[in-house]
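Me: Please take a close look at the charged and polar side-chain contacts of this chain. I should like to know which residues take part and how exposed they are.

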Amino acid sequence: MSKYNYDRPIKESKLYNFLRPLGKLVARCIFKVEYTGVENIPAEGGFILASNHIHMIDPLMIGLGIKKRQMFFMGKKELWDIPVVGWAFTKVNGFPVSRGRADSAAFKRAVDIPKKGFILGIFPEGTRSKDGKIGKAHRGVANFAAQAKCGVLPVSVYNNDNLKKRSRYTVRYGKFIPYEELGLSENATREEQIAAADRIMADITALWEEGHCE
């Protein structure tokens, strides 16, 4: 695995901004991309962006809809085993996490991102959906919110055509959920985290069920 420094400063990437126009061009060449609800994206302050997950390109597609701000995101550690992929993800604010076991370094970095005023992108289901439908959220998203004491922006990505070239790909940014509405106490219990994660996933599901833009 290409080594990742979890202590590297959390700051916006120059390459991210440089590649943004190219990313938009490539995305629109592959799909008919539609964005809605962009007015719901906070212009400042740290928060968690939580979305369902259907394809490896989801972080790119979601991030391209956010103007003037950058999104940081975690990816499965195996992607960093591919030298070029790991290097590229690191350069555009990605960081690796080990799935299925405690990863204290990745957890700390994930919490520090919204604490320091940046956007942390998370897929609460923990993995990509095999059939494009919504799965159940793990409580990790609520745990991150509890530790960072930040709100959550629910987002859905929707494509009902098996991601074929030139198919429609819709990104919906929902209403921001303030931290106070998540029902998380100072030392959030497991039950509180599960309830908060279910609330977040319910909002994502409602967005997903709207399907494509008219």
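The reply below takes up the salt bridges, then the polar contacts, and ends with the surroundings.

Reply: This is a predicted model, in which local features need pLDDT of at least 70 and side-chain atom pairs count only at pLDDT 80 or more, while totals for chains, interfaces and linings use all residues. Residues are numbered from 1 along each chain as its sequence is written, and side-chain values use heavy atoms, with hydrogens and water left out.

A search of the whole structure yields eight salt bridges, each being a side-chain nitrogen of Lys or Arg within 4 Å of a carboxyl oxygen of Asp or Glu. One of them pairs R168 with E34, with 2.9 Å between the closest N and O atoms. This pair connects distant parts of the chain, since R168 belongs to strand β7 (residues 168-173) and E34 to strand β1 (residues 32-36), 134 residues apart. Helices (H or I, at least four residues) and strands (E, at least two) are DSSP runs, numbered from the N terminus. R168 counts as partly exposed because its relative accessibility is 32%; the classes are buried under 20% relative accessible area, exposed over 50% and partly exposed in between (1.4 Å probe, protein chains only).

K136 and D198 form a salt bridge through their side chains, at 3.2 Å from N to O. Here too, distant parts of the chain are linked: K136 sits in the loop between β5 (119-122) and α5 (140-148), and D198 in helix α6 (residues 190-209), 62 residues apart. The partners fall into separate classes of accessibility: K136 is exposed because its relative accessibility is 60%, whereas D198 is partly exposed because its relative accessible area is 32%.

E186 and K149 make a salt bridge in which the closest N and O atoms are 3.6 Å apart. Their link also spans distant parts of the chain, with E186 in the loop between β7 and α6, K149 in the loop between α5 and β6 (152-158), and their positions 37 residues apart. With 59% relative accessibility, E186 counts as exposed, while K149, at 42%, counts as partly exposed. The backbone of K149 deserves a separate remark: K149 has a positive phi of about 55° although it is not a glycine. N93 shares this feature, with a positive phi of about 80° although it is not a glycine. N93 lies in the loop between α3 and β4 (94-97) and is buried because its relative accessible area is 6%.

A further group of charged residues, E181, R199 and D203, is joined in a network of salt bridges.

The polar contacts come next; these are pairs of N or O atoms within 3.5 Å, where within protein one must be able to donate a hydrogen and the other to accept it, and residues adjacent in sequence count only if both atoms are side-chain atoms. In helix α4 (residues 104-115), the side chain of D112 makes such a contact of 2.8 Å with the side chain of K108. D112 counts as buried because its relative accessibility is 15%. S129 is placed in the loop between β5 and α5 and is likewise classed as buried because its relative accessible area is 16%. The side chain of S129 contacts that of D131 at 3.0 Å, and a polar atom of the S129 side chain is 2.9 Å from the backbone nitrogen of G132.

The surface also carries patches, which are made of residues with over 30% relative accessible area and no salt bridge, like charges being joined within 9 Å and nonpolar side chains (Val, Leu, Ile, Met, Phe, Trp, Tyr) within 5 Å. R8, K11, K14 and K91 make up a patch of positive charge. Within that patch, K11 is located in the segment before α1 and is exposed because its relative accessibility is 56%. By nature a nonpolar patch, F18, L19, L22, L25, V26 and I30 together have about 560 Å² of accessible area, computed by the Shrake-Rupley method with a 1.4 Å probe. L19, one of its members, is in helix α1 (residues 14-30) and counts as partly exposed because its relative accessibility is 31%.

Conventions: Lys and Arg count as positive and Asp and Glu as negative; His and the chain ends are not counted. The place of a charge is taken as NZ of Lys, CZ of Arg, CG of Asp or CD of Glu.
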